[in-house]
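Hi,

Here is the structure I said I would pass on to you. Have a look at it first, and then read on for what turned up in it.

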Amino acid sequence: MNKRWTISKINEFVEKNSDSKLLSTEYHGFSQKLLFKCTCGSEFEKTFTKFKNNHQRKCDVCQPPKASR
Ligand SMILES: [Zn+2]
């Protein structure tokens with residue numbers, strides 16, 4: 001089932017489920033990259049799908065992307 005996300009719901013999710021902060025103020029859909037700020041101070045872009053489903057909730061320095069097999 002597809003839940004409809006709004007930027008405020010995403011913001012809430014980010015606050016509750018990660019240490020990162022959401023910087024983007026608009027959300028247009030799952031393919032859109034959102035701008036986050038990591039606890040280390042770096043900013044990074046990720047789609048919300050990756051953030052939520054793949055648990056990519058930090059920048060690439062704190063959480064290097066895993067090579068997919
Ligand atoms: Zn970081």
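Let's start with the overall layout: the protein has two helices and three strands. Keep in mind that this is a predicted model. If you walk along the sequence, the elements come in the pattern α-β-β-β-α.

How big is it? The C-alpha atoms fill a box of roughly 30 × 30 × 20 Å along the principal axes. The radius of gyration is 12 Å, which agrees with a compact globule, because one of 69 residues would come out near 11 Å. Of those 69 residues, 17% are buried. And if you take the contacts between residues at least 6 apart in sequence, 11% of them join residues at least 24 apart.

Now the strands. β1 (residues 21–22) and β2 (33–37) run antiparallel and are joined by two bridges. Here L22 stands opposite F36 in β2. On to the next pair: β2 and β3 (residues 43–47) are also antiparallel, with five bridges between them. One pairing to look for is L34 with K46, its bridge partner in β3. The hairpin of β2 and β3 has five residues between the strands, and one of them to check is G41, which takes a positive phi near 105°.

It's worth turning β2 around on your screen. Which of its residues are on the covered face, and which on the uncovered one? L34 and F36 are on the covered face, while K33, L35 and K37 are on the uncovered one.

That leads to the core. Nonpolar side chains tend to be buried together in soluble globular proteins. In this model, the largest nonpolar core has eight residues: V14, L22, L34, F36, F44, F48, F51 and C59. Two elements, β2 and α2, give two or more residues each to this core. C59 is a good one to click on: leaving aside residues up to four places away in sequence, C59 touches C38, C40, S42 and F44.

Last stop is T49, which you will find in helix α2 (residues 48–53). Is T49 buried, exposed or partly exposed? T49 is partly exposed, because it has 14 other C-beta atoms within 10 Å, and a buried residue would need 20 or more, an exposed one 12 or fewer. You can also try the distance tool on T49 and Y27: they are 22 residues apart in sequence, and their C-alpha atoms are 12 Å apart in space.

Cheers

Terms used
Residues are numbered from 1 along each chain as its sequence is written. This is a predicted model: local features need pLDDT of at least 70, side-chain atom pairs count only at pLDDT 80 or more; totals for chains, interfaces and linings use all residues. Helices (H or I, at least four residues) and strands (E, at least two) are DSSP runs, numbered from the N terminus. A nonpolar core is a set of buried Ala, Val, Leu, Ile, Met, Phe, Trp, Tyr and Cys residues joined through C-beta atoms within 7 Å. Two residues are in contact if their C-beta atoms, placed from the backbone, lie within 7 Å. Two strands pair if DSSP finds at least two bridges between them. The radius of gyration is taken over C-alpha atoms; the globule rule is 2.2 Å times the number of residues to the power 0.38.
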